[in-house]
Amino acid sequence: MSAEITVKKDKAKRALLNELREKRKALITQVREHEKKRDELKAARNELNQKVRELFDAARVEKEARDAINKDVQLNKELRKMSQEDADKVYKQLEELRSEIRGIHGGERNLRRIAEKIKEIEFKIETDARLTKDKEDELIEELRSLHEKFASLEVASEKQAEIRAINEKWKAHRDNARMHHKKVKELAEQSQAHHDKMLEYINEARKLRSEADERHSEVNEISAKIKEIRQQINAVSKDADAVRKELGEETMMERQKRRKEAEIQAKKETQETTAMLKKKMDAGDRLDFEELKILLEQGEVFKDS
């Protein structure tokens, strides 16, 4: 093979080596760009997951508040029911008393009419969920007026004090029932507000979790791409090493290995030479200057025997 052909082949190999180096450099740049993008996506994913945890915590707080209020709702419903039952018992006493004074100045007819009207309005307030606040206030005002009429109604003098006392008890029970009913409505509104807020937090958390899952999927895709590029880098590096070996070039690792081997070999040779010269000196043979210098450097001349 002529020298000219050899030079051309070496030139081609060096061009290939440069091409492989540039390709490896470009691949490393791609890896760094992908890693930067992956790290940004990881940070975004982690931030979204943190917000999701915070939203679910907030939803839990709203749920606990709602559940606590619902217990109060149930309690006030029970108290309202008890007050209604007590009012019905007192109303029954009024009915019995009216039967005793029936026919006296028409009092019992008025009492019955007013009492039935009161009971009708009270029932409407307690059961009609479509009542507006204005309408409910209007009915309550009418009740107040009816109670005043009922209290002032002229009945037989011997029953008037008893009727008035029973009427006050009836009003007290009905007022108590209305108070608990009002409390039930207020608490129900509060409970609903907490429930709505809880659902708002949960829906927002699910939305953000979906976004976090998308970021996580993108992170996995980029990580797979980075792994693929690193495999390409390894392949290119392997090809470049092969070309360098053909050109007689050594990698840094190869140079370090060769240097280490040379040091080991030199040390071995020095030890062998030192042992031989020491043996010569111990035998009383004359050493020249260089031989004596070697023993001095190895600390063998003045070493205790």
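Biologist: Which helix gives the most to the lining of the largest pocket?

Modeller: In this predicted model, H4 does, with six residues. Helix H3 (133-152) also supplies at least two residues of that lining. The space in the pocket is about 290 Å³.

Biologist: What makes eight residues of the lining count as charged?

Modeller: Asp, Glu, Lys and Arg count as charged. The lining includes Lys133, Glu136, Asp137 and Arg178, among others. By class, it has eight charged, two polar and two nonpolar residues.

Biologist: Why is the pair Arg178 and Glu122 called a salt bridge?

Modeller: The closest N and O atoms of Arg178 and Glu122 are 2.4 Å apart. The cut-off is 4 Å between a side-chain nitrogen of Lys or Arg and a carboxyl oxygen of Asp or Glu, so the pair qualifies. The two residues are 56 apart in the chain, with Arg178 in helix H4 and Glu122 in helix H2 (residues 107-127).

Biologist: Why are Arg178 and Glu122 called buried?

Modeller: Buried means under 20% relative accessible area. Arg178 has 17%, so Arg178 counts as buried. Glu122 has 0%, so Glu122 is buried too.

Biologist: How do you know that Lys185 is partly exposed?

Modeller: Partly exposed lies between the 20% and 50% limits. Lys185 has 32%, and is therefore partly exposed. The side chain of Lys185 meets that of Glu136 in a salt bridge (3.2 Å, N to O).

Biologist: Is Glu136 buried or exposed?

Modeller: Glu136 has a relative accessible area of 14%, under the 20% limit, so Glu136 is buried.

Methods. Residues numbered from 1 in each chain as written. Predicted model: local features only at pLDDT ≥ 70, side-chain atom pairs only at ≥ 80, totals over all residues. Heavy atoms only, no water. 1 Å grid on protein atoms, 1.4 Å probe; cavity = no way out; pocket = protein on both sides within 12 Å on 5 of 7 lines; lining within 4 Å. Points joined across faces, edges and corners; volume = space filled by probe spheres on them. Helix = DSSP H or I, 4+ residues; strand = E, 2+ residues; numbered from the N terminus. Buried < 20%, exposed > 50% of the residue type's maximum accessible area, 1.4 Å probe, protein only.
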